[in-house]
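Please examine the fold presented below, beginning with its sheet and then turning to selected helices and loops. The discussion proceeds from strand pairing to individual residues.

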Amino acid sequence: MSRVKRKDEILVSLARVRKKKLVEKHGRLRPIFCGGCGHFAALHAIYHAMSELDIKSHELVIVSGIGCSGRMPGFVKCYGLHGVHGRALPVATGVKLANPSLQVMVVGGDGDGLGIGGGHLPHAARSNVDMTYLLLDNAVYGLTKGQVAPTTPYGDKTSTTPYGNPSRPLDPVALSLVHGATFISRGFSGYPDDLNDMVARGMKHRGFSMIHIYSPCVTFNKNETYERYYEISEKLPDGRDLTNMNEALGFALSREKTYLGIFYQQEGPTLEENMLRVIENQGTFNDGRITASLKEKKVTGAKKKAT
């Protein structure tokens with residue numbers, strides 16, 4: 001396909017994300033992303049999911065860290081917290097445990113989620129916290145002018161690796177799979193309709209849904225562009241058994257193609273359900289804290305043993 005035709009195709013895809021009614025209904029502040037930024041499609045996917053699933057503003061909490069994606073809570077009519085770098089997942093876990101009836105979403109970039117916050121992803125995944133994590137991957141630190149990031153491909157030249165990235169990139173899909181996330185998918189801002197559907201399905205999933213999104217930085221990353229992702233990506237085959245972990249890992253680790261779609265989905269007890277089970281097992285407690293209940297039980301048990 002010629003470069004001009006490809007550019008026209010990209011512009012048509014991006015134009016589809018500008019659905020005025022959804023923006024008026026669910027939008028708040030005007031987004032300040034660069035023109036053509038992949039984050040616009042992710043933001044629209046949130047609006048779309050809120051409409052599709054009839055999620056009211058007071059039912060959704062978006063937690064974010066630092067980065068271009070970190071401003072996302074300001075652009076959506078809902079509760080939001082724009083916190084410090086790499087800490088969005090543990091904060092969101094606390095929100096969910098405090099009020100399990102809320103729909104909780106985390107939005108972060110590859111630097112925020114896999115750099116300074118990289119230690120939190122495995123634990124949110126293995127605990128199966130009932131939340132949706134949108135990891136917007138532009139393969140650089142875009143907010144601070146294009147430094148090398150955890151997902152920057154080997155050999156890519158960035159503002160801090162002018163002779164090429166000497167390290168191999170992390171793969172958020174494979175990382176989530178091996179640590180027990182129960183819904184794992186990969187989308188691309190260049191396919192906004194697919195991304196809308198993916199985010200809605202992730203938010204419907206009961207458990208930790210991880211959605212890795214290729215979201216090109218049009219200003220500071222001239223390597224990982226829309227054109228490149230169109231060339232290297234391919235949609236996962238239809239009709240697969242989404243509970244087949246080995247097959248999902250095979251697609252995630254493939255060196256021949258970069259696959260898009262839902263890799264894996266499995267039901268399982270969530271962290272909130274497991275914590276409620278702990279509370280029920282401890283019986284009634286006075287001050288509402290599990291720790292107090294456990295302490296009381298220990299003392300009571302000691303007295304019984306003494307008598």
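Which residue is the bridge partner of Met-105 in β4? In this predicted model, that partner is Thr-132. The pair belongs to a parallel arrangement in which strand β3, residues 103–109, and strand β4, residues 132–137, are joined over five bridges.

These two strands are part of an open sheet of eight strands with mixed pairing, ordered β2-β1-β3-β4-β8-β7-β10-β9. The edges are occupied by β2 (79–82) and β9 (233–235); each has a single partner strand, so one side of each is left without a neighbour in the sheet. From one strand to the next, the twist averages 20°. Helix α3 (residues 39–52) packs on this sheet and touches β1 (60–64), β3, β4 and β8 (209–214). The direction of α3 makes about 160° with that of β4.

Strand β8 also contains Ser-209. Is this residue, Ser-209, buried or exposed? Ser-209 has a relative accessible area of 0% and is therefore buried. Not counting residues up to four places away in sequence, Ser-209 touches Met-131, Thr-132, Tyr-133, Phe-183 and Gly-202. With Gly-202 there is a polar contact: a polar atom of the Ser-209 side chain lies 2.9 Å from the backbone oxygen of Gly-202. Thr-132, already met as the bridge partner of Met-105, is thus among the residues that Ser-209 touches.

Attention now passes to helix α10. Within α10 (residues 245–252), the residues Ala-248, Phe-251 and Ala-252 are buried. They cover an arc of only 100° around the axis, which puts them on the same side of α10. An α-helix has 3.6 residues a turn, so residues three or four places apart point the same way. The cover over the buried residues of α10 includes α7 (172–178) and the strand β10 (258–265). At the N-terminal end, α10 is capped by Asn-244, whose side-chain oxygen lies 3.3 Å from the backbone nitrogen of Asn-246.

Two loop residues deserve attention for their backbone conformation. Most residues other than glycine have a negative phi. Asp-54, in the loop between α3 and β1, nevertheless has a positive phi near 55°. Asn-128 likewise is not a glycine, and its phi is positive at about 55°; Asn-128 is located in the loop between α6 (120–127) and β4. As for accessibility, Asp-54 counts as partly exposed at 48%, whereas Asn-128 is buried, with a relative accessible area of 4%.

Terms used: Residues are numbered from 1 along each chain as its sequence is written. This is a predicted model: local features need pLDDT of at least 70, side-chain atom pairs count only at pLDDT 80 or more; totals for chains, interfaces and linings use all residues. Side-chain values use heavy atoms; hydrogens and water are left out. Two strands pair if DSSP finds at least two bridges between them. Helices (H or I, at least four residues) and strands (E, at least two) are DSSP runs, numbered from the N terminus. Axes are lines fitted to C-alpha atoms, for helices over the stretch in contact, and angles run from 0 to 180 degrees between N-to-C directions. Contact means heavy atoms within 4.5 Å. Buried means under 20% relative accessible area, exposed over 50%, partly exposed in between (1.4 Å probe, protein chains only). The arc is that of the directions from the helix axis to the C-beta atoms. A polar contact is a pair of N or O atoms within 3.5 Å; within protein, one must be able to donate a hydrogen and the other to accept it, and residues adjacent in sequence count only if both atoms are side-chain atoms.
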